[in-house]
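Open the model in your viewer and keep the selection panel at hand. The stops below say what to select next and what is there.

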Amino acid sequence: MKFNFFDPTPCGFPKPKVSLLPVLGRSSLVYTSSTGNSVFEFCGKDKRYYTRGRYALYAAYALAGVGPSGALLAPAYHCRTMLDPAIRLGANVVLYPVNRDLTPNIGALRNLLASKDIHIKAMLVTHYFGMPQQLVDLKRLCNEFSVSLIEDCAHSISVGGNANLVGNVGNYAVFSPYKFFPSGDGGLLIVNDSADELHESKWPTKSPRIFAEAKWFVESIINYFRGPNRDIDINLMETDVSRLCAVPNSPPYETQCESYDLSRHYIKEQENCSGLILPRCLIKHTNITRLVQRRRENFQFWIRVVSKLPHCRAVFQNLPEGVVPYMFPLYIDYPNPHFYFMKMLGVPIWRWDEMAVSDCPVASDYRTRLLHLPCHQELTSKEMEWMSIAITNVIQKVPVDALWN
C-alpha cells in the first residue's frame, strides 16, 4: 500500500501543555463499584481484554477470516493502527470512501462488495469521535455478501443511552477503554454472534506481568499528585503568538511511498497480551456520571467557541442525546500555518496525517485539516479556557498566507 508519511521532527514541537487523554484525578473515582454502567458490561457475550484496541482488532480480523485469502474493507479516513492488524495477517486492505459527516458511502461500499476481483471477508465501520453510525443498512449489506461486520468502537463507550447504539450490531466490536478512563491501558473485544469463540483453549492470551502492574500503579500515583499543569498562562497568549510569528518556521518532512511494514505503534509481542488487572479495577470505580457529564459539557463548549471563529468549523454542529464524545473534531481551512502554530503553543492535538493513499476526497482533505481536540472529563476549566484562547488567537491573528521561512 502507499502511505502518506508526516515527520514533524524539523518543527521541534514542544510537549503539549495539557493532557490529550484523561489521567487520574482527585474526582475521578467513586468508592462503590460502577460496574453496572461500565463499558465492560456485555452480559452473556464472549469478551476478551487486551492491552490496546489494536490487538483486539487483530483478534477480530483473524476470527473473521481476514488474511492472505480474505481482504479487509476499511474506511479511507483512518489511523494506521486500524490497518496494522490486517497487514500483520498478510491481508489485502481495500479502502472505501466516507462522506463529510464521516458516514460510509453506501453506494461505493456495495460496488466494492460486489466486485469479482477481491474476496472481502470483513468490513470495519468506525464510530468516529463517539458518534454512533447507523448500522442497520450496513449489517444488511454485509449479510447479503456474507461479510463479517466489525464495529470499531475505539472512540465510543457503552454506557447510558449510548449502550444500545454501539457494540451490539456487528459480528465483532472493539473498544479502547483507556481513551475514556484514566487507565492508560485496555482494549476489549466483544463477540456478538458466536458462543465460546474466544475460549482460552482456542485463543490463548498471556497474563500481565507483575512488573507492568507495578509500573502502571507508580505512574498513576505520580500523575495523581502532579495534577493539572499550573504553568499555563492565559495572559501571555498574545505575546507567545507574536513571538512565534517573528521566529523562522521549519516545515515538517512529508512524503508518499509504498510500505508493507507495520507502523511503529504496533508491537507484535503484545498481540496476545491480556490487559492489566489494576486498570480494570480503576475503571469499575470510575465516576461514570461525572465522566459523561464533563465530556458532553466540554464538547458543547468547543462548539460555542468554534462558532465564533473564521477559517474553521465543527464537523458535528450538535451533540445528540446520550452520546458520550471521545474528542472534538475541528476542521481548519489552513493547516499551514494554523496547525503548526497551535502545536508550537503546546495545544494538545491529534491528527491522522499518516494515512494510506486513497481516491476518497474527504479522507485526503481531512488528513491534514481535521484536528482532534481533547474534551475528556479531567480537563479543568482553566485548561479549557487556555486551549480556546490559544486556538482563537492563532485562527484570528496568524496570517493565512504565512509561509515557511
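Start with R52 and Y178: the charged end of R52 sits over the ring of Y178, at 4.2 Å from its centre. Before going on, note that this is a predicted model.

**The seven-stranded sheet**

Select β2 to β8. These seven strands form an open sheet in the order β2-β8-β7-β6-β5-β3-β4, and the pairing is mixed. At the edges stand β2 (46–50) and β4 (93–96); each has a single partner strand, so one side of each is left without a neighbour in the sheet. From one strand to the next, the twist averages 20°.

Zoom in on β7 (residues 172–175) and β8 (residues 187–191), which pair in the antiparallel sense over four bridges. To see one bridge, select V174 and its partner L189 in β8.

Now add helix α1 (residues 53–64). This helix packs on the sheet and touches β2, β3, β5, β6 (148–153), β7 and β8. The direction of α1 makes about 170° with that of β7.

**The nonpolar cores**

Which residues touch the most other members of the largest nonpolar core? Select Y77 and M123: they hold that place among the 118 residues of this core. The element that gives the most to the core is α1, with nine residues.

Keep M123 selected and show its surroundings. Leaving aside neighbours within four places in sequence, M123 is in contact with L73, Y96, L109, L138, C142, V147, S148, L149 and I150. A second core, separate from the largest one, has six residues, among them C153, V166, F175 and L188.

**Rings around Y77**

Go back to Y77 and show the aromatic side chains. The structure holds 15 aromatic pairs. In one of them, the rings of Y77 and Y128 have their centres 5.7 Å apart and their planes at 45°, so the pair is tilted. Y77 lies in the loop between β3 (71–75) and α2 (80–88), and Y128 in the loop between β5 (120–126) and α4 (136–144), so the pair ties together parts that are 51 residues apart in sequence. Are these two tyrosines buried or exposed? Y77 counts as buried at 0% relative accessibility, and Y128 is buried with a relative accessible area of 2%.

Next select Y366 together with Y77. Their ring centres are 5.9 Å apart and their planes stand at 85°, so this pair is edge-to-face. Y366 is in helix α10 (residues 361–369), 289 residues from Y77, and the pair links distant parts of the chain. Both Y77 and Y366 are buried.

**The three-stranded sheet**

Move to β10, β11 and β12. These three strands form an open sheet in the order β10-β11-β12, with antiparallel pairing. The edge strands, β10 (312–314) and β12 (370–374), each pair on one side only. Here the twist averages 35° from one strand to the next.

Strand β11 (residues 327–332) pairs with β12 in the antiparallel sense over five bridges. Select P329 to find one of them: its bridge partner in β12 is H372. Then add helix α8 (residues 288–306), which lies across β10, β11 and β12 and runs at about 15° to β11.

**Helix α9 and its aromatic residues**

Select α9 (residues 335–345). How many of its residues are buried? The helix is mostly covered, with 10 of its 11 residues buried. Among the buried ones are H338, M342 and K343. The buried residues of α9 pack against β1 (2–7), α6 (237–246), β11, α10, β12 and α11 (381–397).

Show F6, F13, F339, Y340 and F341, which form one aromatic cluster. Add R351: this residue lies over the face of F339, at 3.7 Å from the ring centre. Just after α9, select G346, which takes a positive phi of about 95°.

**Last stop: E383**

Finish in helix α11, where E383 is found. E383 is buried, with a relative accessible area of 5%. Draw a line from E383 to I232: the two are 151 residues apart in sequence and 7.8 Å apart in space, C-alpha to C-alpha. Apart from neighbours within four places in sequence, E383 is in contact with V18, P228, N229, I232 and E378.

Methods
Residues are numbered from 1 along each chain as its sequence is written. This is a predicted model: local features need pLDDT of at least 70, side-chain atom pairs count only at pLDDT 80 or more; totals for chains, interfaces and linings use all residues. Side-chain values use heavy atoms; hydrogens and water are left out. Rings of Phe, Tyr and Trp (its six-membered ring) pair if their centres lie within 6.5 Å; planes under 30 degrees apart count as stacked, over 60 as edge-to-face and the rest as tilted. Helices (H or I, at least four residues) and strands (E, at least two) are DSSP runs, numbered from the N terminus. Buried means under 20% relative accessible area, exposed over 50%, partly exposed in between (1.4 Å probe, protein chains only). A charge sits over a ring if NZ of Lys or CZ of Arg is within 6 Å of the ring centre and within 35 degrees of the ring normal. Two strands pair if DSSP finds at least two bridges between them. Axes are lines fitted to C-alpha atoms, for helices over the stretch in contact, and angles run from 0 to 180 degrees between N-to-C directions. Contact means heavy atoms within 4.5 Å. A nonpolar core is a set of buried Ala, Val, Leu, Ile, Met, Phe, Trp, Tyr and Cys residues joined through side-chain atoms within 4.5 Å.
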